[in-house]
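The exercises below ask you to read helices, loops and contacts from a structure. Please work through each task before you turn to its solution.

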Amino acid sequence: MKTAHAAIADRREKVTPGSGAQVKAQAAKAPPLKSSEYGLTDSVRTGMSAADIKQAFLENLLFGMGRAPAVATKHDAYTALALTVRDRLLRRCVQTAETAAEKGARVVCYFSAEFLPGPHLANNLLNLGITDAARQAMAELGIDFDELLEQEEEPGLGNGGLGRLASCYMDSLASVEVPAIGYGIRYEFGIFDQFIRDGWQTEATDKWLRYGNPWEVNRAELTYDVKFGGHTETWADESGRYRVRWIPDEVVKGIAYDTPISGYRVGTCNALRLWKAEAVESFDFAAFNQGEYFRAVDAKMASENITKVLYPNDEPAQGKRLRLQQQFFFVTCSLQDMLRLHQLFGGRPDNFHERFAVQLNDTHPAVAVAELMRLLVDEYQVDWDTAWDVTRRTIAYTNHTLLPEALEKWSVDLFGSLLPRHLEIVYEINRRFLDEVRARFPGDEGKLARLSIIDESGDRYVRMANLATVGGHHVNGVAALHSDLLQRTVLRDFAELWPERFCNVTNGVTPRRFVALSNPKLTSLITDRIGEGWLSDLTRLRKLEAFANDAAFQKQWREVKLGNKRRLAELIVRRTGIEVDPASLFDIQVKRIHEYKRQHLNLLHIVHRYLTLKRDPSTDLAPRTFIFGGKAAPGYFMAKLIIRLINGVAEVVNSDPALRGRLNVVFFPDYNVKNAHSVYPAADLSEQISTAGKEASGTGNMKFSLNGALTIGTLDGANVEIREEVGAENFFLFGLTTEEVAETKARGYNPRAIYEQNSVVRQVIDTIAGGTFSRGDASLFQPLVSSLLESDPYLLLADFQAYVDLQSQVDALWRHPSAWTRQSILNVARMGKFSSDRSIREYCERIWNVSPAPLSKP
């Protein structure tokens, strides 16, 4: 076998360089080349065969990293393969940009404070169709391919559903061949790593960049100034026009880092462009020479803090200031970048909207409305009315919450001190807007106050949802129920004013990552029965309905599920030390820990189950393993107390010999996208039990159903549409409806009365309050118990009995494997609507007015 050096040498072609004068003369005559005209024929950079990948891997290892195979670490090998795959993506990125420019295609710019892409390597290999070739290439080099995949650090750029949705949409934009750029922040430290100590969540720094990131390209020359603070000055220019100049107190610069986002088996490859903050001058040489060594790097440290961490604690004033700085920082960098690109391709400021469609993923980037106006009016001298028309035709806004406390707003004092020019612009936008409202609704001061961008009901605040709604052409919710409630509640006045601007686009998920990657055995089984193509057109899953009663197919289906459960059981043992039975019903609830998501309702049922078995061991309950996962915000005490209760219940239940094989409880720590690959395929039952009217959509519910789990849930978020699609008979429904929740609260909800009247509720609550799950400490869970008995804001006790009764039906169905499997198959078969590809096509048609721009030849 040849050495790595010899193998590389064999692939190198001799080049005879021309003279410098010849090269310059040729360059002067030649027009700019397109990438297809570069004359690149070396398949090491672009080839898809195992031999090409093997050779490229060796070249990257030696020339890109300076490592000989004999001394390369596992992480070195991962990096070399990542660079090998990245080469193939970057070529497509260039071609995608060129194609969009040639066709004059409108480009989608997705603004999001979060992206949660998950590991890139396996996903990109799948999308390129070279997983088997890469596996073979590594095997020939004696490298364990699966072990290599495990080396990748998950990019910690998001907190949960919002960031994961953004990444699903980036995947689908490329897969349906729509040119797009995802704009966000390159956080140095992402969402924290979660550890469990004595049952409590503890947080550790997420150092996802500690070994570098081979997928990103640092565009060091692509920087933009970002201003903060200071004041404004006005003057009249030579034409006598009123002008404003912003004189900042502080300037930092944003530097671009690009990550290629590939489409599934298509040529399109888009860019995720993230911004890192740096000081304009990172080192004060004069201060250093004067012996002030720390002051010499003060500016660098202060500037870099802006992109240091995802979602700083915004309880203190400094945290709020940093959060607003983060939002403005990535918004202005992104808009300046878009204006540069627009001009590069011959555009004018007044037709900016013809080239770009901006989607605001929630209110975090809503300051884009004021910033685009500032750039157009102040920097590009566009008149106000034209700038406003361009802004409104460019921007659209996705709302993700019905919780009033989650609708972002900033104090006028903070906003004005950090962004003085923007506050002036917001005031002017608001003045003109309220004049329109007065003309439409004369004398209605209440409506005026509710619609105003400035909240003046007490301390004055800038309402970012109002700004996004006024400054955009569309507002959409993310599930049919959510969009309806949005128009009837939090944005009702706007919906009455502009009904044509409101629409729904139900969320979706990418089946490539959440079925093909995470559940390869199920993917193979489905493909064997219905053929290829369903990963690009999920509606083809309907063909599975024909096999729902097929005994042989059901047997294969159960074998796949059991294999996935064994894999998760092994992972649980490694992570927690808890042994679980893969033959038991895996009942799973994984999502951000929050009271409205009602993990504690699940716990109340588990405690009831525990007490039932302790009272009468002969009770016929199906063996169950309850699995929880998710992170609580570091400052959210009640959520952290819920985690402590989960672990307290687990400690008691799992140590009881009488319950072995009948009841287990697990808290799976540090739940993230990488871990989700093992969790979703193993679930038998998906817990989607939020209070009706509180969850905007949810996407975990979709991922579970796509992997064959049955759902127990309320009529909340996308549960409503999932139930409609899979059939009411294949969905375990319980709980108050949104209307019933409102009526219950309006009548004067009294949870203590339920406690006093319902002996089952009382026994469960008293067991928790008495210290059974807190090692005898009756005070530990008192805040949680008091909340349930005194206010119960999310109506757990109102829904408890219906939930427990329905769980008996779950047990009954589990005892009939054929009936359970039939429903599992039908759930998967009828989930075609919930592909993120469908969501993106609806955005293109209903909101963006964008068409695909496929590459003629990848």
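**Exercise 1.** Are α15 and α17 roughly parallel or roughly perpendicular to each other?

*Solution.* We begin with the ground rules: this is a predicted model, in which local features need pLDDT of at least 70 and side-chain atom pairs count only at pLDDT 80 or more, whereas totals for chains, interfaces and linings use all residues. Residues are numbered from 1 along each chain as its sequence is written, and side-chain values use heavy atoms, with hydrogens and water left out.

Step 1: find the elements, remembering that helices (H or I, at least four residues) and strands (E, at least two) are DSSP runs numbered from the N terminus. Helix α15 covers residues 384-394 and helix α17 covers residues 420-440.

Step 2: take the angle between the axes, which are lines fitted to C-alpha atoms, for helices over the stretch in contact, with angles from 0 to 180 degrees between N-to-C directions. The axes of α15 and α17 come within 13 Å and cross at roughly 90°.

Step 3: classify the angle, where under 35 degrees counts as roughly parallel, over 145 as roughly antiparallel, 65 to 115 as roughly perpendicular and the rest as oblique. The helices α15 and α17 are therefore roughly perpendicular to each other.

Step 4: look at the contact (heavy atoms within 4.5 Å), to which α15 contributes W384, D385 and W388, while α17 contributes I425, E428, I429 and R432. Sorted by class, the residues of the contact between α15 and α17 are four nonpolar, no polar and three charged; here Ala, Val, Leu, Ile, Met, Phe, Trp, Tyr, Cys and Pro count as nonpolar, Asp, Glu, Lys and Arg as charged, and the others, Gly among them, as polar.

**Exercise 2.** Describe how α34 is crossed by α32 and by α25, and name the residues in each contact.

*Solution.* Step 1: start with α32 (residues 759-769), whose axis comes within 10 Å of that of α34 (residues 796-814) and crosses it at roughly 115°. The two helices α32 and α34 are therefore roughly perpendicular, and the crossing is right-handed, a term used when the near helix is turned clockwise from the far one by less than a right angle, while anticlockwise gives left-handed. On the α32 side the contact uses V760, V761, V764 and I765, and on the α34 side L797, F800 and Q801. This contact of α32 with α34 has six nonpolar residues, one polar residue and no charged residues.

Step 2: turn to α25 (residues 599-615), whose axis also comes within 10 Å of that of α34, with a crossing of roughly 60°. The helices α25 and α34 are therefore oblique to each other, and this crossing, too, is right-handed. From α25, H600, L601, N602, L604, H605, H608 and R609 meet L796, L797, F800, Y803, V804, Q807 and D811 of α34. Between α25 and α34 the contact residues divide into seven nonpolar, five polar and two charged.

**Exercise 3.** What is the span of α12, and how many of its residues are buried?

*Solution.* Step 1: α12 (residues 317-344) has 28 residues, for which 40 Å is expected at 1.5 Å a residue, the expected span being 1.5 Å times one less than the number of residues. From first C-alpha to last, α12 reaches 41 Å, close to that value.

Step 2: count the buried residues, where buried means under 20% relative accessible area, exposed over 50% and partly exposed in between (1.4 Å probe, protein chains only). In α12, 21 of the 28 residues are buried, so the helix is largely enclosed by the rest of the structure.

Step 3: move past the end of α12, where G346 takes a positive phi of about 85°. In the loop between α12 and α13 (352-355) lies D350, which is partly exposed at a relative accessible area of 35%.

**Exercise 4.** Are D198 and D792 buried or exposed?

*Solution.* Step 1: place D198 in the loop between β3 (193-197) and β4 (200-204), and D792 in the loop between α33 (782-790) and α34.

Step 2: compare the accessible areas with the cut-offs. D198 is exposed, with a relative accessible area of 62%, whereas D792 is buried, at 1%.

Step 3: note the backbone, since neither residue is a glycine: phi is positive in D198, near 55°, and positive in D792, at about 45°.
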